[in-house]
Amino acid sequence: MSDTFCFGTLAVGDRYRAHAQLLAQDIQRYAPQTSLVVLTDQVAEFAAHNHVIAVPHTLQSVKGFHDKRFVIEKALDHFDVCMFLDSDVRILGPVPTQMQWLPGLTARTGCNIRKHNEGEYQRKALPLIQHVAQRLAIDLEQTYWFHEFMFTVKKQAGAEREFLRAWQTISYFFEINELHDGSGNVMGLAAQKVGLALQLDAADRFPFFKDNIEKVRVKQGQSSLEDKQSYFDTHLKIEYPHRRIWRKGMKKITRKMGVFYRSLRLKSLAKQDPELQKLL
């Protein structure tokens, strides 16, 4: 019997919902028998898509980066395998009906976590990574960072659930220390801590568009800007919609209030996580 497979994404906020609507249409066209699990703040917007399992969700992590774990958790309640895609990923061609996945986590690109965090931009994360590794007895030489815009989790005898719990605890520690992004670092640490197998698989299973990935492909001569221009244009239109100045101001204020509220909420939740005490 083959493993049941689904896609998953996070779509909280009008911008992300607009992207996810296009992703849902792509899946309906190129993988019509495959479900898409969407965690969203507006379930009704996805009612027209029979293949979409829309789940009500409000952001939990301070800036939303670690809410990906809730998508995986919900998807694995119903399926054996979930491929998480950022909501702004577009699928450009047929998705194979029989994709084979090893148990654990399969990422498209990644490298040793120390190597990734040697750069100036990433250097803020390295002391936190080293602290977590020391407190949780994680071997950093065997730990990977990976790009989190596309990754797949297949059930591994319960280790995937332990991975999600460790992800939560380690993300709490990072966010308490004012580092809200870098979920690829946190996932790598969590996977290594609980023994979730991690594979890097750079071979694309189907054609897709992701703006920053496509820019690299164009620069390296692997893709044509002319062929992908319409996708870039659509992406920019969603990312930077025309709004009146007062509406932009209200959006900015609302976003900052949300971050402030979730920061306060995090401190309360962190006190209830006994595993977090091992990191403090």
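Here is a walk through the structure, from its sheet to a few side chains. Keep in mind that this is a predicted model.

Let's start with the sheet. Seven strands make it up, and the sheet is open, with mixed pairing and the strand order 3-2-1-4-9-6-10. If you look for the edges, you'll land on strand 3 (52–56) and strand 10 (198–200), each of which pairs on one side only. From one strand to its neighbour, the turn averages 20°, direction ignored. At the strand 10 edge, the partner is strand 6 (residues 104–107), and the two run in the parallel sense over 3 bridges. To pick out one spot there, find Ala-107: its bridge partner in strand 10 is Leu-200.

Next, the helices that pack on this sheet. Helix 1 (residues 14–30) touches strand 1 (5–11), strand 2 (35–40), strand 3 and strand 4 (81–85), and its direction makes about 160° with that of strand 1. Helix 2 (residues 68–75) also packs on the sheet; it touches strands 1, 2, 3 and 4 plus strand 9 (150–154), and its direction makes about 135° with that of strand 2.

Now zoom in on Arg-17, which sits in helix 1. Is this arginine buried or exposed? With a relative accessible area of 10%, Arg-17 falls under the 20% cut-off, so it counts as buried. Its side chain makes a polar contact with the side chain of Glu-45, at 3.0 Å. Leaving out residues up to four places away in sequence, Arg-17 also touches Ala-11, Thr-40, Asp-41, Gln-42 and Phe-46.

On to the aromatics. Searching the whole structure turns up 10 aromatic pairs. One of them is Phe-7 with Phe-206, an edge-to-face pair with 5.9 Å centre to centre and 85° between the planes. Phe-7 belongs to strand 1, while Phe-206 is in the loop between strand 10 and strand 11 (208–209), so this pair ties together parts 199 residues apart in sequence. Both of these phenylalanines are buried. Another edge-to-face pair is Phe-173 with Phe-174, at 6.4 Å centre to centre and 75° between the planes. Phe-173 is buried at 5% relative accessibility, and Phe-174 is buried at 0%.

Back at Phe-7 and Phe-206, ring pairs link these two with Phe-5 and Trp-101 into a cluster. Trp-101 has a charged companion too: Arg-205 lies over its face, 3.8 Å from the ring centre. Elsewhere, Arg-217 lies over the face of Phe-208, at 4.6 Å from the ring centre.

Methods. Residues are numbered from 1 along each chain as its sequence is written. This is a predicted model: local features need pLDDT of at least 70, side-chain atom pairs count only at pLDDT 80 or more; totals for chains, interfaces and linings use all residues. Side-chain values use heavy atoms; hydrogens and water are left out. Two strands pair if DSSP finds at least two bridges between them. Helices (H or I, at least four residues) and strands (E, at least two) are DSSP runs, numbered from the N terminus. Axes are lines fitted to C-alpha atoms, for helices over the stretch in contact, and angles run from 0 to 180 degrees between N-to-C directions. Contact means heavy atoms within 4.5 Å. Buried means under 20% relative accessible area, exposed over 50%, partly exposed in between (1.4 Å probe, protein chains only). A polar contact is a pair of N or O atoms within 3.5 Å; within protein, one must be able to donate a hydrogen and the other to accept it, and residues adjacent in sequence count only if both atoms are side-chain atoms. Rings of Phe, Tyr and Trp (its six-membered ring) pair if their centres lie within 6.5 Å; planes under 30 degrees apart count as stacked, over 60 as edge-to-face and the rest as tilted. A charge sits over a ring if NZ of Lys or CZ of Arg is within 6 Å of the ring centre and within 35 degrees of the ring normal.
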